[in-house]
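Work through the three exercises below with the sequence and coordinates at hand, and compare each result with the worked solution that follows the task.

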Amino acid sequence: MKFTLPLLTVAGLGLSTTVSALPSFAGKSFDEVARGLDLNSDRPEIKAFVKRAEEIRNGGPIYPRAQRGDRDITALINPATFKFNDEEQSIDLTSDEHKFIAPGPNDIRGPCPGLNLLANHGYLDRSGVTTLTQGIDAINKVFGVGPDLALALNAYAVIFNGNILDGTWSIGGPYKSKSLGSLTNLLFGDPAGINAHNVYEGDASIVRQDLYDPASGGNNVDLHMPFYEELLADGGNNSQDGVDVFTPEVMLKHKSARWHYSVANNPRFFQSAFGGLVVTTAAERFVTEFAANNTADAEGYNRIYLDEKNLHAFFGIYKENGKLVYKRGQERLIPGWKRRPLASSFSLVDIALTLLAAARTDPSLLSFGGNTGTVNSFAGLDVGDLSGGVFNLAGLLKDPQELLCFLYQAGIEELVPTQLNVLYKSLGQVTSYLSDNLKAPWSKAANSGDNPCRPFDQNKKINILDAYKKFPGAKGVPGV
Ligand code: HEM
C-alpha cells in the first residue's frame, strides 16, 4: 500500500499520539508489560492443552465434539461454555476516539485486516505505526487474543519489522524511527514494516496474491477479489445474517485450495517455518475466531458465529449498487459487534492444535519449503534433517506438544538469533529483548506440562537458512 510516513510522535517508550490512553498498560514501559503478562503454566488454556495433548497421543480426536455450541472445531477454552455478558463483550466502535475513520493519505495500512481495522477504529495509532504495548493491548482487548500469543505476535513485529529501541513497528510499509530509535542508530536502515515479504508476510494467503506470482503484478498487500469470491463460495454464498457460515472447517478448506493454487501458479512459491507455516495458517483460523460476532443462545450462553455481513466488514468489502467493492485499507467492525469472552482467549497453544487440524485436513499444509523455480515443483524440507533426527513428521502429527516444540525450535531458536545479524548493527540489546519478549511465550507454551521441549541435535542438524537458499522464492527471508 502506498501510504507513506506516519505522523507519529513517540514521547518516550511506546506512546502514540492519536490513541490517547492505553487503558490496561498505561504508564508502563514495554518491558514491564511483557514481564507482567501471565505466561504461567497454570493458565486454564495451558492446562487444557496439556490434557488434550495427552488424549491426542492416546488416539483421541484433536477436537472432541463440543459439549456446548455449534462448532465442531472449537478453541481449547470454548466461548460457548460461558454465559454471554453484553457489557464485558461490548467494544466501543462509535465514540470519537473509536469510530471508524478511513485512513488518510499519510497513514500506513498493510496486508493484515485485523490490524488495519484496529487502526481505523483508533485502537492502534491511526497512523499505522504502533508499539509493543499498544499492539498487545489492542488485540487482547478488542479480539480476545491470549496474552502469550499477543506478546509473541507483537514482539516478532518489533524485532523484525520495527525497532526495539522505541518499541515501535508498522502495520504496513517502512517508516522512520523516532525518539530513542532515531537517536541511537541500531538498525541497518529504516524499519521495514510487516509488508516485508518472507519476514512476516508470506505466500498462499487467504485473499491476497503471492508477491512472485506472475499474475499478481507484485501486489501481495491488497485483497484479490477472485480469492474472496472463492471464500464466499466455500461458505455456500450464504448471505443470511446471523448464520455461522465461515466456520473453522470452511476456512481450512479455503486454505487448502489457496496452498495448491500457489504451488500450481507461483514458480517461486515459498513457505518459511514462521511467516509461511505459522502465520498464514494461523491467519486462516484468526478469521473464524476473531472476526466472529458473539451473541446469546437460547439459554444465555455465548454463540460465536461469522456470517457474510461481518466477514465483508472485516475484509474491507462494501456493497454498492448490489455489487461487492473492496476499499483498500478500509476494514472495520460493525457497531454492536461483540468479541468473545476474555475468559476464552485464543492462545499460542490453540495455534498448535490449529496446525494439527490443518495437517489432518490436508497434509500439505504442514509442510514448509517451496517450488524450485517452476510451478508444481514443491520440495518440502525434512523435519528429521532440520532437527538432526530429534523429530520426525509422523511424531509431530501425533502430538501437539511435539509440534509446538518443533515450531519453537525451528522458527525461533534456530533461525532468529542468526537472522538478527542482518538487521541489527549490535546484538547486545536485541538479544535480551528477544529472550524476554519472543522466546519467553513460545518457550513456556512449548515446555508446558511435564514435557520438556527437546533441542535439535546441533551436531547432526542441517542449517535452516542454508536449506532455504535452494528456493528462489526465499528471497527476503533475513539471512538468505
Ligand atoms: C500483532 C499482531 C499481528 C500481526 C503482527 C499480524 C501480521 C500479519 C501479517 C504480516 C499478515 C500477512 C500474512 C500473509 O502474507 O498471509 C497478516 C495476515 C492476516 N492477519 Fe494478521 N497480524 C496480527 C494480528 C491479527 C489479528 C488479531 C487478526 C484477526 C483479528 C489477524 C488477521 C489476519 C488475517 C485474516 C490475515 C490474512 C489476510 C489475507 O490473507 O487476506 N491478524 N497478519
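A polar contact is a pair of N or O atoms within 3.5 Å; within protein, one atom must be able to donate a hydrogen and the other to accept it, and residues adjacent in sequence count only if both atoms are side-chain atoms. The model is predicted, with local features needing pLDDT of at least 70 and side-chain atom pairs pLDDT 80 or more, while totals for chains, interfaces and linings use all residues. Residues are numbered from 1 along each chain as its sequence is written, and side-chain values use heavy atoms, leaving out hydrogens and water.

**Exercise 1.** Find which residues offer N or O atoms to oxygen atoms of the ligand.

Solution. Begin with the 25 residues that surround the ligand (a heavy atom within 4 Å), the closest being Cys-112, Gly-202, Ser-205, Ile-206 and Arg-208. Next, take the side chains: an N or O atom of Arg-208 is 2.8 Å from a ligand oxygen, and one of Glu-201 is 3.0 Å from a ligand oxygen. Finally, turn to the backbone, where an N or O atom of Val-207 lies 3.2 Å from an oxygen atom of the ligand.

**Exercise 2.** Locate the disulfide (cysteine sulfur atoms within 2.5 Å) and describe its geometry.

Solution. The structure holds one disulfide, formed by Cys-405 and Cys-453 with their sulfur atoms 2.1 Å apart. The link is right-handed, with 85° about the S-S bond.

**Exercise 3.** State what this disulfide ties together.

Solution. Cys-405 lies in helix 15 (a DSSP run of H or I, at least four residues, numbered from the N terminus). Cys-453 lies in the loop between helix 17 and helix 18, so the pair joins parts 48 residues apart in sequence.

Notes
A disulfide is a pair of cysteine sulfur atoms within 2.5 Å. Helices (H or I, at least four residues) and strands (E, at least two) are DSSP runs, numbered from the N terminus.
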